[in-house]
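Colleague: Please take one buried position in this model and look at it closely, then work outwards to the rest of the chain. I would like the cut-offs stated as you go.

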Amino acid sequence: MSDVNADSWVSSGHRPMGFPEFVIVIASIMALNPLAMDMMLPALPNIGAAFHIPVANHLQLVLSTFLIGFGVGQFVMGPLSDRFGRRPVLLGGMAVYAVASVLAVAAPSFETLLLARALQGLGTSATRVIATSIVRDCYVGRRMASVMSLAMMVFIAVPVIAPSFGQAVLLVTEWRGIFVVLMLYGLLALAWSVLRLPETLPASERRSLAPSEVLAAFRQTVTNRQTIGYATAAGSVIGALFAFVFSAQQVFTGIYHLGHYFPLAFAAIAAGTAIAAFLNARLVGSLGMRVISHGALTLYAAVSGVMLLAVSLDALPLWLFMALSALMMFSFGMMVANFTALAMEPQGHIAGTASSLYGSITTLIGIVVGMVIGQSFDGTLLPFSTGFFLSTLFSLAIVLIVEKGRLFRPHRRSAAGQDQGA
């Protein structure tokens with residue numbers, strides 16, 4: 001596992017693409033989602049001014065509506081991909097994304113813009129579900145975690161640069177220009193996928209869309225202790241991340257008065273996630289998914305406690321907030337790919353449906369948690385730090401229940417010496 005390009009390691013399921021191209025393609029289609037989220041951050045005041053939105057917290061709907069479409073859409077994308085294959089569902093979702101971007105460019109009202117955002121989220125639900133399913137089609141266990149980490153390392157670079165990119169677009173055009181950029185990127189990713197990405201689900205392994213079979217697959221997913229446990233835990237910590245993204249523009253410009261420089265601060269914090277994804281890809285083969293993710297969750301809980309204490313003491317200057325937020329992002333990056341791989345590990349035979357349900361559960365839990373925290377923003381960091389702390393404790397409690405109180409449990413190996421996971 002020290003060399004992720006070893007011939008004996010790499011799946012033949014994604015030929016004609018080699019390993020590096022496979023990771024980049026997976027990352028590029030996954031990046032449609034964070035790009036559409038984070039490029040909008042510097043444009044929120046402009047959108048508010050254009051549509052005369054009087055309450056700043058209402059502008060968070062530009063982000064949360066997108067995520068609602070993303071979360072709801074995942075319920076159907078997995079079963080569709082298990083029935084018809086990965087490619088048609090993926091390409092259809094990317095086409096919806098492009099059309100929704102056009103609608104956003106022409107939106108005459110705030111309500112129309114929100115509709116376009118929901119459709120964008122719906123389109124990216126296909127990219128996220130299918131990307132995870134394709135990786136699961138080709139890899140298992142630690143190998144899947146390592147591939148996901150490499151893809152996450154590329155795709156997580158998007159939140160680092162997206163706000164600055166959005167700010168750069170605003171320097172030369174109005175906020176609608178951001179949607180033009182999103183449309184062009186979506187079309188580029190669509191063309192690359194059409195030309196190079198193969199079908200990874202054999203016809204012999206496709207499943208019926210009969211309601212009884214779909215419900216049986218859903219039931220099998222949600223009744224698996226490991227899958228539902230890690231999905232719930234991931235949703236809780238993702239909620240804290242969503243809350244951070246929803247209120248980032250208000251925090252950096254309203255509390256810390258950074259003005260147009262806030263994308264740079266956001267990028268410095270988000271870089272922690274990219275560093276973590278790189279380290280996880282290198283370390284997961286030797287340490288295992290549980291050791292890394294449980295350690296990261298423990299760090300996440302410690303950081304949330306320190307932040308809440310600092311806010312309570314009115315002792316959270318910008319440098320300390322950024323340091324704690326960077327640690328939060330770092331620990332999140334060490335968790336997310338491993339939580340996904342642990343949840344998906346028992347579901348190889350229904351990877352599309354399981355990935356669909358996993359994505360919906362984590363996203364919708366995250367939206368609820370994130371919106372509750374984000375809409376509680378009152379000009380201080382107390383709602384965020386309190387919500388961050390409580391959601392992290394909940395996630396830690398769920399993992400303890402799933403693992404029956406034994407964190408950092410060593411992984412198991414099959415009789416053939418093949419890695420089976422954690």
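Modeller: A residue is called buried when its relative accessible area is under 20%, exposed when it is over 50%, and partly exposed in between (1.4 Å probe, protein chains only). By that rule Ser395 is buried, because its relative accessibility is 0%. This is a predicted model, in which local features need pLDDT of at least 70 and side-chain atom pairs count only at pLDDT 80 or more, while totals for chains, interfaces and linings use all residues. Residues are numbered from 1 along each chain as its sequence is written, and side-chain values use heavy atoms, with hydrogens and water left out.

Ser395 belongs to helix 15, which covers residues 382-402. Helices here are DSSP runs (H or I, at least four residues; strands are E, at least two), numbered from the N terminus. A contact means heavy atoms within 4.5 Å. Leaving out residues up to four places away in sequence, Ser395 touches Ala233, Ser236, Val237, Leu297 and Phe339. One of these partners, Leu297, falls in helix 12, which runs over residues 289-312. Phe339 falls within helix 13 (318-344).

Following the chain on from helix 15 leads to Lys404, in the segment after that helix. Lys404 has a positive phi, near 55°, and is not a glycine. Most residues other than glycine have a negative phi. Whereas Ser395 is buried at 0%, Lys404 counts as exposed because its relative accessible area is 59%.

Helix 12, which carries one of the partners of Ser395, can be checked for length. The expected span of a helix is 1.5 Å times one less than its number of residues. For the 24 residues of helix 12 that comes to 34 Å, and the end C-alpha atoms are 34 Å apart, so the two agree. After helix 12 comes Asp314, another residue with a positive phi, near 55°. Asp314 is not a glycine either, and its place is the loop between helix 12 and helix 13. Asp314 is exposed, because its relative accessibility is 74%.

Helix 12 also offers a long-range distance. The C-alpha atoms of Val291 and Phe19 are separated by 26 Å, with the two positions 272 residues apart along the chain. Phe19 sits in helix 1 (residues 19-30) and is buried at 6% relative accessibility.

Gly366 is a second position worth comparing with Ser395. Gly366 is in helix 14 (residues 351-374) and, like Ser395, is buried; its relative accessibility is 0%. Apart from neighbours within four places in sequence, Gly366 is in contact with Gly235, Ile238, Gly239 and Phe242. Between Gly366 and Pro211, 155 residues apart along the chain, the C-alpha distance is 27 Å.

Ser64 lies in helix 4 (residues 61-84) and is buried at 2%. Its contacts, again without residues up to four places away, are Phe246 and Met371. Met371 is a residue of helix 14.

Met94, in helix 5 (residues 86-105), is buried at 1%. Counted the usual way, without residues up to four places away in sequence, Met94 touches Ile29, Leu32, Gly123, Thr127, Gly186, Ala189, Leu190 and Ser193. Two positions in that list, Gly123 and Thr127, belong to helix 6 (residues 110-138). From Met94 to Cys138 the C-alpha distance is 22 Å, at a separation of 44 residues in sequence.

Helix 6 itself has 29 residues and reaches 42 Å from its first C-alpha to its last, close to the 42 Å expected. Of those 29 residues, 22 are buried, so helix 6 is largely enclosed by the rest of the structure.

For the whole chain, the secondary structure comes to 15 helices and zero strands. Buried residues make up 59% of the 422 residues. Among contacts with a separation of 6 or more, 84% join residues 24 or more positions apart. The radius of gyration, taken over C-alpha atoms, is compared with a globule rule of 2.2 Å times the number of residues to the power 0.38. The chain has 20 Å, which agrees with the value near 22 Å for a compact globule of 422 residues. Along the principal axes, the C-alpha atoms fill a box of roughly 60 × 45 × 40 Å.
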